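Q: Please take a close look with me at the charged side chains in this protein. I'd like to know who pairs with whom, and how those pairs fit into the rest of the fold.

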Amino acid sequence: MASEYGQDSLLSYNEYLKVPDLLKLQRPLSDPVSHDELLFIIIHQTYELWFKQILHELDATIKWLDEGRMFRANHALRGVVSIERILVTQIHILESMAPIGFLEFRDKLNPASGFQSMQFRELEFASGAKDEKILATFKQDEFAYERLTRRFNEPSLADSFWALVARGGFSVETDEDRVAATVEILSHPEKHAELYNMQDLLIEHDEQIISWRYNHILMVERMLGMKRGTGGSDGVGYLMTTLSKKFFPEIWEARTHLKI
Ligand code: HEM
């Protein structure tokens, strides 16, 4: 009998990529189906797939940093940043949706929200921004809570970077030590070429996520104005408070102290 993957015993594109399965995963809740709900679902699913790939690369970066394999660590982190550049611009696709079209199906989403994106929180935790309050919000979701607890307890990208800096002969005990080490690295790029290149990629990773947050906020305000979020927050007001989150605050602060 012919299956949805075809009869041929040779591997096909559809079979390898499980395209028929993939195409079954977009299930609008509105009835009659609101035109823009398909875009809304596809864009979120696309983000989740890219988050999966980012986590794969972040895990590899941490492992290779710990092993002192700088070429591989650089390469993996470069991959993360390339994906993030796409994630920043991708949010604008949603702005093609008319605010009135979004309101047609928005109530159906309640109380689900991007706030509950497990993989986005994994990305934050794996990068170094761990937050017990956010972890606690996942307690009712066993699958997510287990993954996030593991990430919460594991060394992060920030931990691996500062351990690498310590192996380079710098003191990294306090925030001030870390700022001073980064000032030295920034002051003598050729002497500390590997650490210089790594801090440059790390600040880029931070910058891309902050840019994503900013673009997401503008898109949300364009759609909703100052309405409350489906997740229960006060919406744009809450999101603005997240703009100050940084994975590598010491690397940013070092710029303030740099002199020639
Ligand atoms: C029309 C589209 C969207 C609207 C109106 C929207 C709105 C919101 C609002 C109001 C919040 C605050 C939490 C709440 O009360 O719900 C939020 C958080 C969030 N949204 Fe969206 N969002 C949209 C699309 C997206 C997309 C495509 C993603 C991609 C994954 C996303 C990811 C997130 C994340 C990760 C948070 C948590 C941010 C944080 O707490 O730091 N959102 N969103």
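A: Let's get our bearings before zooming in. The chain has 13 helices and zero strands, and keep in mind that we're looking at a predicted model. Along its principal axes, the C-alpha trace spans about 65 × 55 × 35 Å. Of the 260 residues, 42% count as buried. If you take the contacts with a separation of 6 or more, 68% of them come from residues 24 or more positions apart.

Now for the charges. How many salt bridges does the count come to? The count comes to 14.

A good place to start is arginine 147, which forms a salt bridge with glutamate 122; their closest N and O atoms are 2.9 Å apart. The arginine sits in helix α8 (residues 142-153) and the glutamate in helix α6 (residues 118-127), so this pair ties together parts that are 25 residues apart in sequence. Are the two partners buried or exposed? Glutamate 122 counts as buried because its relative accessibility is 0%, and the cut-off for buried is under 20%. Arginine 147 comes out at 23%, so this residue counts as partly exposed.

Glutamate 122 has another arginine to deal with, too. Its side chain also meets that of arginine 151 in a salt bridge, 2.8 Å from N to O. Again we have α8 on the arginine side and α6 on the glutamate side, so this pair ties together parts 29 residues apart in sequence. Arginine 151 has a relative accessibility of 4%, so this arginine counts as buried.

Let's hop over to another bridge, the one between glutamate 250 and arginine 178, where the closest N and O atoms are 3.9 Å apart. Why does this pair tie together parts that are 72 residues apart in sequence? Because glutamate 250 lies in helix α13 and arginine 178 in helix α10. Glutamate 250 is buried as well, with a relative accessible area of 10%. Some salt bridges share partners, and that joins Asp59, Glu122, Arg147 and Arg151 into one network.

It's worth staying with glutamate 250 for a moment and looking at the helix around it. The buried residues of α13 (residues 249-257) are Glu250, Ile251 and Ala254. They all end up on the same side of α13 because they cover an arc of only 100° around the axis. And what covers them? The cover includes α9 (157-167), α10 (175-187) and α11 (193-224). So α10 turns up twice in this story: it is part of that cover, and it carries arginine 178, the salt-bridge partner of glutamate 250.

Helix α11 has something of its own to show you: histidine 216 is found there. The NE2 atom of His216 is the only protein donor of the ligand's iron atom, at 2.2 Å.

Not every charged residue finds a partner, though. Take glutamate 84, whose place is in helix α4 (residues 70-90). What is the nearest side chain of opposite charge to glutamate 84, and how far away is it? That would be arginine 85, at 8.0 Å. Glutamate 84 has no salt bridge, because the pairing needs a nitrogen within 4 Å of a carboxyl oxygen. Yet this glutamate is buried. Setting aside its neighbours within four places in sequence, glutamate 84 is in contact with Ile54, His205, Gln208 and Ile209.

Finally, rings can link parts of the chain as well. The structure holds 11 aromatic pairs. One of them is phenylalanine 115 with tyrosine 238, an edge-to-face pair with 5.8 Å from centre to centre and 65° between the planes. Phenylalanine 115 is in the loop between α5 (99-109) and α6, while tyrosine 238 is in helix α12 (residues 236-241), so the pair links distant parts of the chain, 123 residues apart. Another edge-to-face pair is phenylalanine 125 with phenylalanine 152, at 5.6 Å and 75°. Remember α6 and α8 from the arginine bridges? Phenylalanine 125 lies in α6 and phenylalanine 152 in α8, so this ring pair ties together parts that are 27 residues apart in sequence. Phenylalanine 125 counts as buried, at 0% relative accessibility. Elsewhere, ring pairs link Tyr47, Phe51, Phe120 and Trp212 into a cluster.

Key. Residues numbered from 1 in each chain as written. Predicted model: local features only at pLDDT ≥ 70, side-chain atom pairs only at ≥ 80, totals over all residues. Heavy atoms only, no water. Buried < 20%, exposed > 50% of the residue type's maximum accessible area, 1.4 Å probe, protein only. Helix = DSSP H or I, 4+ residues; strand = E, 2+ residues; numbered from the N terminus. Arc of directions from axis to C-beta. Contact = heavy atoms within 4.5 Å. Donors = N, O, S within 2.8 Å, 3.2 Å for Na, K, Ca; no water. Lys, Arg positive; Asp, Glu negative; His and termini not counted. Phe/Tyr/Trp six-rings, centres within 6.5 Å; stacked < 30°, edge-to-face > 60°.
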